[in-house]
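Biologist: Can you pull up the model and go through the chain contacts and the cavities with me?
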Amino acid sequence: MEFYLLDVLLVLIFSGIGIILIALIFGLSKLISTAKPSEVKESTYECGNVPIGESWIQFRVRYYIFALLFVILDIEMIFLFPWAIVFQRMGLFALIEMAIFVGLLVVGLVYAWRKGALKWV
Amino acid sequence: MNFSFLYLMGVAGVGIFIFIALSVLILVWLERKVAGHIQSRMGPMRVGWHGLVQTLADMVKLISKESILPAKADKWLFFLAPFVVFIPAYLSYMVIPFAPKLIIRDFNIGLLYFLAIPSISVVGIIMAGWGSNNKYALLGGLRSAAQIISYEIPRALSVVGVVMLAGSMSTVTIVKSQSSIWFILLQPLGFLIYFISTLAEVNRIPFDLPEAESELVAGFHTEYSGIKWSIFMMSEYANVFAGCALCVVLFLGGWHGFLIPKGEPWSSVVSLIWFMVKTLILIFLMMWLRWTLPRFRVDQLMDLSWKVFLPLALINIGLTGLFILGALKLFS
């Protein structure tokens, strides 16, 4: 148990080191760079024109459908990896069982495909 | 676990950071040289021998440049986005086995870790896109999110075959199990899907829609400048290196090669050179593609992932299963 905790702890330590190092570089940059903000410089870039309207808008549902499909297939993947590790010990039985499991999801994917969910317009 | 171990890990963490910084300097120089020669020009020539210190000079320039904060931007999202993009790229180096024993930590789920962690950077990309309050940045961020989640699936499915052959997800064990035969020979389809999906994951041409210059200016980092922009650049090249290095680990035999002396003190150095040479060849291939191919359209990009790569990757898993069963029958 402690072995796994150590792994998690290491990832946290490394994230900490990364954050500190980036912050140090930002600090160094802040020390030696010039800062002369002006109204024009701080305005939103829109190819030199005065920005029109707001950019914080609602975005299309298309992304949402792809995200849903992603979640389903991502979970399928989580099941595939442990299966792949023990596959050589389990043999034909494992292959047939996984074929049924993946087959069910593929039916769902084909349904989404036929319904036009995979079409990007 | 004791204090000296933590100290060692701290040194290793800083070491990886320096390695990333140096490799980015070299890769940017290489990219510009390759681009130059492909387009029949010389590339950078003035600063140092064949422009070798050009990128170092650029880095000094970028650190000393003004970092503009747009008045309308969300201050915190804008500031934190470079961290969220860079840290996952940096963390993914923990499980890359450069040579026998030259690895930070051999997680038993190393491969899953490598597939999962770099995907977190998409959160940073959306933060940058949304926080900038800029239309180009928002479009770039959303496109990037759609692209990364779409290619995540074929990418992960293409390596299931490797896990089945090696019977482990530890990167070290995967390399060790390739001592007799490289997995690219058993998994050519898996290699192809993995490599092309990696191109898409790291947003490089022909999949660089999130930062398509001709339509979105610079995509999600349109509003970024100075040091913040260079962190985005650094994480892009760090991801390129890590992606190619993992490709070498999974399919091209990792540190294995010819002419490696056994049991000598310098044998791991030779292994390291083999690993680096293979990785550099793949990176060169990516650069070559970048300066040769035009860019995909968004619908083509999504179709390729969902309608071509996903079924192919599933077929690849089935074929690998049959292949292993056949081989087990034959040799038992």
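Modeller: What follows covers the interface first and the cavities after that. This is a predicted model, where local features need pLDDT of at least 70, side-chain atom pairs count only at pLDDT 80 or more, and totals for chains, interfaces and linings use all residues. Residues are numbered from 1 along each chain as its sequence is written, chains are lettered from A in the order in which they are written, and side-chain values use heavy atoms, with hydrogens and water left out.

Biologist: How many residues of chain A are in contact with chain B?
Modeller: 64 residues of chain A, against 80 of chain B; contact means heavy atoms within 4.5 Å.

Biologist: Which element of chain A gives the most to that side?
Modeller: α1(A), with 21 residues; helices are DSSP runs of H or I, at least four residues, numbered from the N terminus.

Biologist: And how many salt bridges across the interface?
Modeller: The rule finds 0, taking a side-chain nitrogen of Lys or Arg within 4 Å of a carboxyl oxygen of Asp or Glu.

Biologist: Switching to cavities: what is the volume of the largest cavity?
Modeller: About 170 Å³. A cavity is a set of points on a 1 Å grid over the protein atoms alone where a 1.4 Å probe fits but cannot get out, and lining residues have an atom within 4 Å of a point. The volume is the space filled by probe spheres set on the points, which are joined across faces, edges and corners.

Biologist: What lines the largest cavity?
Modeller: 15 residues, with B:Val85, B:Ile125, B:Asn203, B:Glu236 and B:Asn239 nearest its centre. α12(B) gives the largest share, 5 residues.

Biologist: And the second largest cavity, what volume?
Modeller: About 110 Å³. Its lining includes B:Asn239 and B:Arg155.

Note on methods:
Helix = DSSP H or I, 4+ residues; strand = E, 2+ residues; numbered from the N terminus. 1 Å grid on protein atoms, 1.4 Å probe; cavity = no way out; pocket = protein on both sides within 12 Å on 5 of 7 lines; lining within 4 Å.
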